[in-house]
Amino acid sequence: MKQCLSAKITTLLQHLPVVRNLARQKFVGQFIIGLLKSRNVQFCEVAQHLNDAAKPASNETRIQDFFRKTDLNYLVLAQLMLSLLPAQGKLRLCLDRTEWDFGQCQVNILLVTVGQGPFQVPLYWELLDNRSGNSNAADRIALLRACVQVLGKDRIGLVLGDREFVGHQWFKWLKENGLNFVMRLPKHHQLTHPDGHRQAIASLGLAPGQVRRFAHCQVDGVWGQVWVQALADDDFLFLFATAGLQHLDQLYANRWTVEQCFQNLKGRGFNLETTHLRCHQKLRKLVALVSLAYALCLSVGTVAHEKIKPIARKNHGYPATSLSRHGLNILRQLTRPLTWPSEPIARKVVALFDWFIRHIALYQVPKIAGQSGIHLIFLNPMKSLLLLSIAFALWANASAQKLEPALIQTMGGEKIGYKNPAGQVIIKPRFEEANVFLNGYATVSIGGRWGMIDTTGREVLPLKYRDLDYFGEGLAGASLDGKKYGFVNTAGTVVIPFTFDGIGSFSEGRATAILGRKCALINTKGVLLTPYKYQGIELMKGGIARVCLQNDSRDGVQHSHFWGFINAQGKEISKLNCLGYESPNLENGYAVTRIATPEGATTIQGQRYTFKVGQRYRYASALIDKAGRVVIPTSAGYEFGNWDDDYLIVQRGPAYGVVDMAGKVLLPVNFREVSKFEFGADGKSLAKVFTTAEGKFFYVDRHFKCVEFDGVKCPEY
């Protein structure tokens with residue numbers, strides 16, 4: 001049974017390749033089983049259960065080799081975690097941080113969990129380099145951006161966090177991105193009422209147990225709702241939120257799930273804190289494997305409690321064990337010697353894994369970077385090139401096409417066909433794997449060979465490819481052997497030969513080609529427009545594509561991504577010394593480039609710095625156009641916020657203002673905050689501008705001229 005479970009985990013990883021080859025996938029399956037049996041992350045302990053046919057010393061060498069050489073795709077792992085959750089309904093994100101010391105090494109993990117109800121699994125995490133201090137707003141925003149990339153904003157119902165996760169920049173980013181949140185605040189934070197009056201919560205005069213609610217007030221310069229309850233020992237439950245004022249305490253109470261998750265990753269589960277690893281990259285991999293083991297335990301425990309073996313309750317009424325521990329006990333029981341797959345509970349657990357595999361296979365996307373919703377191509381693993389936002393774009397498009405793949409029982413077993421919203425079978429079930437329709441086409445597979453069909457079921461491209469993407473600008477990425485990739489047209493003619501190790505979809509007549517472990521830009525004729533030197537190239541938008549040079553990490557030193565921009569001709573139009581998340585493509589032909597310089601060093605344009613652990617850096621931003629011309633220089637001292645086709649919200653220190661794309665000031669940079677255009681009679685013609693006086697604001701129109709509205713008059717400024 002041990003081998004059976006390991007094989008099922010391997011099959012899961014073949015459908016969502018967190019690691020890039022079968023041998024590594026099998027190793028992960030064995031390592032997960034070793035974690036379950038040992039409940040310990042120390043390599044010497046896991047090695048005792050890894051491969052019974054090998055000596056423990058050999059097993060430990062294999063483990064060390066895996067952590068030293070193998071790259072994991074954490075976004076694909078996030079999609080795997082997501083596949084264990086219900087496919088419908090809003091999801092809750094919980095943000096928390098944990099830390100521990102091993103000698104002089106301080107481990108500091110910032111992690112987000114995702115789930116519904118009591119079912120909460122790790123989604124994404126980073127290790128911080130700040131000597132076990134609190135996270136900052138930039139850390140949290142980068143982490144949440146990755147989560148939004150995987151989930152999509154519409155799927156996120158609520159973001160929860162404790163007293164560490166506060167501050168103007170953090171709250172403002174959550175509100176601007178439409179993410180509802182509930183955060184607990186330290187009691188020293190003050191309220192600002194609409195009349196400008198500031199108040200400490202200690203002055204509310206609440207007795208222990210009493211509650212006060214405020215529907216509209218300001219905290220840390222951001223407007224929201226406040227819920228305050230006095231506790232014993234002069235403490236307060238002080239909650240700041242954007243939704244659910246009457247029940248904020250109940251919403252916040254769900255934050256216990258992330259605490260429970262940490263407990264199960266550490267002392268109550270797999271003893272993560274006992275690891276002797278110091279390298280952050282290795283630690284991040286270990287957290288990934290432990291998180292996967294925990295998620296499988298929680299899934300098995302939940303299903304077992306509901307349908308197989310309910311958890312007993314003690315005399316006080318509480319369950320005797322948690323759902324994850326229930327699943328862990330079952331899986332450990334199944335991996336004992338002389339436990340056979342034919343036993344009743346074994347059959348049910350195997351059936352659960354088979355359901356996971358079918359569920360993932362049904363919505364699997366090809367290994368070639370798709371054209372819809374993709375943001376960035378990574379080379380880890382080599383051919384798993386798409387970011388997972390494509391999956392959501394494809395699923396949404398399937399609904400628009402009115403045909404969806406469905407598992408249907410046939411005489412030969414379960415096959416996949418296509419049904420309409422009424423449940424009628426439109427395309428007969430004969431496929432083993434199938435994807436949704438996009439622009440009238442869907443990719444399907446039989447016997448591991450992929451082809452393309454239209455909405456009548458006619459084969460547009462024969463089922464002969466090992467990998468096949470959707471058509472983008474008339475060309476589909478394909479591979480005959482799963483090793484070399486090229487492009488074919490709608491007639492099946494090879495337009496660009498199968499010579500690349502990996503490819504991306506076409507956008508504006510440009511696509512990414514990969515050879516070895518480097519990316520280059522090509523046109524629709526396959527002509528190279530750049531040399532093979534980049535680690536990643538984003539989709540071309542507005543004649544600009546963002547590129548990054550290779551990053552690397554070693555013990556003690558981290559070499560960060562270095563970003564820049566190229567135009568449609570492949571020419572670099574900015575220096576490759578800016579940091580990643582702060583340099584988005586702007587589809588109107590402009591881009592923000594952000595330069596990082598070590599403190600105490602002279603700014604040298606174009607130099608590639610080595611980012612050392614603990615080093616502090618200065619940042620400066622500039623706006624460039626698609627010709628590489630600097631439109632707004634770093635000397636302006638701006639940080640760029642929200643943008644529209646015609647204007648940018650900018651920040652200088654604590655003050656905000658608005659400029660146009662030529663740098664002309666439309667609204668002076670001396671206000672506390674500038675909102676989106678979400679006010680006025682139509683709800684979209686006016687924006688609020690908050691003055692330096694607490695609680696004071698006025699309205700401006702889309703020309704940034706003051707307008708009297710809703711009794712608010714125009715001030716002098």
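The largest nonpolar core has 130 residues, and among these F31, I32, L35, L93, W170 and F270 touch the most other members. A nonpolar core here is a set of buried Ala, Val, Leu, Ile, Met, Phe, Trp, Tyr and Cys residues joined through side-chain atoms within 4.5 Å. Buried, in turn, means under 20% relative accessible area, while exposed means over 50% and partly exposed covers what lies in between (1.4 Å probe, protein chains only). Helix 10 (residues 280–308) gives the most to this core, with 15 residues. Helices (H or I, at least four residues) and strands (E, at least two) are DSSP runs, numbered from the N terminus. To zoom in on one core member, L35 touches N40, V41, V46, F270, L289, V290 and A293, leaving aside residues up to four places away in sequence. A contact of this kind means heavy atoms within 4.5 Å. There is also a second, separate core of 16 residues, and it includes I649, V689, F698 and V700. In soluble globular proteins, nonpolar side chains tend to be buried together.

A word on where these values come from: this is a predicted model, in which local features need pLDDT of at least 70 and side-chain atom pairs count only at pLDDT 80 or more, while totals for chains, interfaces and linings use all residues. Residues are numbered from 1 along each chain as its sequence is written, and side-chain values use heavy atoms, with hydrogens and water left out.

Now for the whole chain. It has 13 helices and 41 strands, and 54% of its 717 residues count as buried. Of the contacts with a separation of 6 or more, 48% are between residues 24 or more positions apart. The accessible surface comes to about 30,500 Å², and carbon and sulfur atoms hold 50% of that. Accessible areas come from the Shrake-Rupley method with a 1.4 Å probe, and for residues only the protein chains shown count as cover.

Strand 5 (residues 181–184) contains R184. Which residues of this strand are buried on its two faces? F181 and M183 lie on one side and V182 and R184 on the other, and all of them are buried. In a regular strand the side chains alternate between the two faces of the sheet. R184 itself has a relative accessible area of just 10%. Its side chain reaches the backbone oxygen of F236 at 2.9 Å. R184 also touches a string of residues further off in sequence, including G161, D162, L231, D235 and Y252. Strand 5 runs parallel to strand 4 (residues 156–161), joined by 3 bridges, and L160 stands opposite V182. Two strands pair if DSSP finds at least two bridges between them.

Other strands run antiparallel. One open sheet of 4 strands has the order 14-15-16-17, and its edge strands are strand 14 (433–434) and strand 17 (459–465), each pairing on one side only. Strand 16 (residues 449–454) pairs with strand 17 over 3 bridges, and I453 has E459 as its bridge partner. Further along the numbering, strand 20 (residues 485–488) and strand 21 (residues 494–500) are also antiparallel, with 3 bridges between them. F487 is partnered by I496. In the hairpin of these two strands, 5 residues lie between the strands, and G492 takes a positive phi near 85 degrees.

Another open sheet of 4 strands is also antiparallel, with the order 38-39-40-41. Strand 38 (673–679) and strand 41 (706–707) each have a single partner strand, so one side of each is left without a neighbour in the sheet. In this sheet, 4 bridges join strand 39 (residues 686–690) to strand 40 (residues 697–700), and K688 pairs with Y699.

What about the cysteines? The count comes to 1 disulfide, taking a disulfide as a pair of cysteine sulfur atoms within 2.5 Å. It joins C706 to C714, with the sulfur atoms 2.1 Å apart. The torsion about this S-S bond is about -105 degrees, so the disulfide is left-handed. Both ends are partly exposed: C706 has a relative accessible area of 23% and C714 one of 33%. C94, by contrast, is in no disulfide, and the nearest cysteine sulfur, that of C261, is 9.5 Å away. C94 is buried, at 0% relative accessibility, and C279 counts as buried too, at 10%.

Methods:
A polar contact is a pair of N or O atoms within 3.5 Å; within protein, one must be able to donate a hydrogen and the other to accept it, and residues adjacent in sequence count only if both atoms are side-chain atoms.
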